Amino acid sequence: MSSVKRHKALVALLGIIVSLTWIYPFVIIFFGSFKNRSEIFTNTLWIPEEVVRDNYPTAYNNLDFTSSFLNSLLITTVSLVVIVIFSSMAAYALARKKSKISTGIYFLCALTMLIPFQSVMIPLVSMFGQVNLLNRFGLIIMNWGFATSMSIFLYYGAMRSISVSLDEAAYLDGGNPLQIFWRVIFPILKPTTVTVIILNAIRLWNDFLLPSLVINQEGMRTIPLRMYYFFGEYTVQWELALAGLVLAIIPIILLYIFLQKYIVEGVTEGATKS
């Protein structure tokens, strides 16, 4: 066997080992959701001796899954729409307006990615409480604010790889800046847009801390907030919690499967400059 083939075989073996490491937690969650409570703590193998089919209907009812799913879907979808629209437009303006001010604003947006949420959590919630925005609308505004810096960073890098001649040609055809962006530039940014959607959707769908501070009212809770129902002060309903986790991650996994082919292309799109 040549050295090249041995190298490829070693890389393939390492890839299989890493993939098994990532898959194993999902195996635990899936098979654990079919166990009863005693098996979870006594059986070291995560293959249930007897399948418990009642876990999923019980978890579905206890989660009030329809209501919590719609709340999560509403908050995530509206947040993503706002993030994509305003971040892409801001990145376009910053990339095309070559000045010290636009460069400074861009670097300021990039630097805000270094600020952890926990450092601004208390004053942010206090300020939103003073203006009666501790609700779903306020949560969408917060999501928009926290996701803007990374989204602008991704869009800005992709914008650098798009030739300015496209803007000039569209301008000569009578297009105004808004028409040029939405009809010419934005369709080219499809891989980056999909990347922004996936990265932010995963975070927003699974977020627990921020919604717990903002919308902990009955009937407005998202799936992660309802999942807390299974973790009591003295007992944990592991079999129902695992079933609930499976129900919660299915939508975001399906989204990732359908759109994952654009991730690498979107992240690396701004690596070269025209």
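Leu 133 sits in the loop between helix 6 (117-130) and helix 7. The model shown here is predicted. Start at this loop residue and look across to Val 214. The C-alpha atoms of Leu 133 and Val 214 are separated by 8.2 Å, though the two residues are 81 apart along the chain. Leaving out residues up to four places away in sequence, Leu 133 touches Phe 128, Gly 138, Leu 139, Ile 141 and Val 214.

The same loop, between helix 6 and helix 7, also holds Asn 132. Is Asn 132 buried or exposed? Asn 132 is exposed, with a relative accessible area of 63%. Its backbone deserves a look too. Most residues other than glycine have a negative phi. Asn 132 is not a glycine, yet its phi is positive, at about 60 degrees. Asp 64 also has a positive phi, of about 50 degrees, and is not a glycine either. Asp 64 lies in the loop between helix 3 and helix 4. With 37% relative accessibility, Asp 64 counts as partly exposed.

Now step back to the whole chain. The protein chain has 14 helices and zero strands. Read along the sequence, its pattern is α-α-α-α-α-α-α-α-α-α-α-α-α-α. Of its 274 residues, 39% count as buried. Take the contacts between residues at least 6 apart in sequence. Among these, 74% join residues at least 24 apart.

Next comes the interior. In soluble globular proteins, nonpolar side chains tend to be buried together. Here the largest nonpolar core has 43 residues. Which residues have the most contacts inside it? They are Tyr 155, Met 159, Ile 185, Leu 189 and Phe 230. The elements that give two or more residues to this core are helix 3 (55-62), helix 4, helix 5 (100-111), helix 7, helix 9, helix 10, helix 12 (223-227) and helix 13 (238-259). A second, separate core has 14 residues. Leu 133, the starting point of this tour, is one of them, and Leu 124, Ile 215 and Leu 225 are also included.

Helix 9 shows how one of these elements is built. Its twelve residues, 177-188, should span 16 Å at 1.5 Å a residue. The end C-alpha atoms are 16 Å apart, which agrees. Which residues of helix 9 are buried? Ile 180, Phe 181, Ile 185 and Phe 186 are buried. Seen down the helix axis, the buried residues fall within an arc of 140 degrees, so they line one face of helix 9. They pack against helix 4 (65-96), helix 7 (136-159), helix 8 (164-172) and helix 10 (190-206). The N-terminal end of helix 9 is capped by Asn 176. A side-chain oxygen of Asn 176 lies 3.1 Å from the backbone nitrogen of Leu 178.

Follow Ile 185 outward from helix 9. Neighbours within four places in sequence aside, Ile 185 is in contact with Tyr 92, Arg 96, Met 159, Ile 162, Asp 167 and Ile 180. Two of these names, Arg 96 and Asp 167, lead to a charged pair. Side chains of opposite charge can pair when their charged atoms come close. The side chains of Asp 167 and Arg 96 meet in a salt bridge, at 3.2 Å from N to O. Asp 167 lies in helix 8 and Arg 96 in helix 4, so the pair ties together parts that are 71 residues apart in sequence. The count of salt bridges comes to one. Asp 167 counts as buried because its relative accessibility is 8%, where buried means under 20%.

Arg 96 has further partners. A polar atom of its side chain lies 3.3 Å from the backbone oxygen of Ile 162. Setting aside residues up to four places away in sequence, Arg 96 touches Met 159, Ile 162, Ser 163, Val 164, Asp 167 and Ile 185.

One last stop is Ser 102, in helix 5. Ser 102 is buried, with a relative accessible area of 6%. Where does its side chain reach? The side chain of Ser 102 comes to 2.9 Å from the backbone oxygen of Ser 99. Neighbours within four places in sequence aside, Ser 102 is in contact with Leu 94 and Lys 97.

Notes. Residues numbered from 1 in each chain as written. Predicted model: local features only at pLDDT ≥ 70, side-chain atom pairs only at ≥ 80, totals over all residues. Heavy atoms only, no water. Helix = DSSP H or I, 4+ residues; strand = E, 2+ residues; numbered from the N terminus. Expected span 1.5 Å × (residues − 1). Buried < 20%, exposed > 50% of the residue type's maximum accessible area, 1.4 Å probe, protein only. Arc of directions from axis to C-beta. Contact = heavy atoms within 4.5 Å. Polar contact = N/O pair within 3.5 Å; in protein donor to acceptor, adjacent residues only side chain to side chain. Core = buried A, V, L, I, M, F, W, Y, C linked by side-chain atoms within 4.5 Å. Salt bridge = Lys/Arg side-chain N within 4 Å of Asp/Glu carboxyl O.
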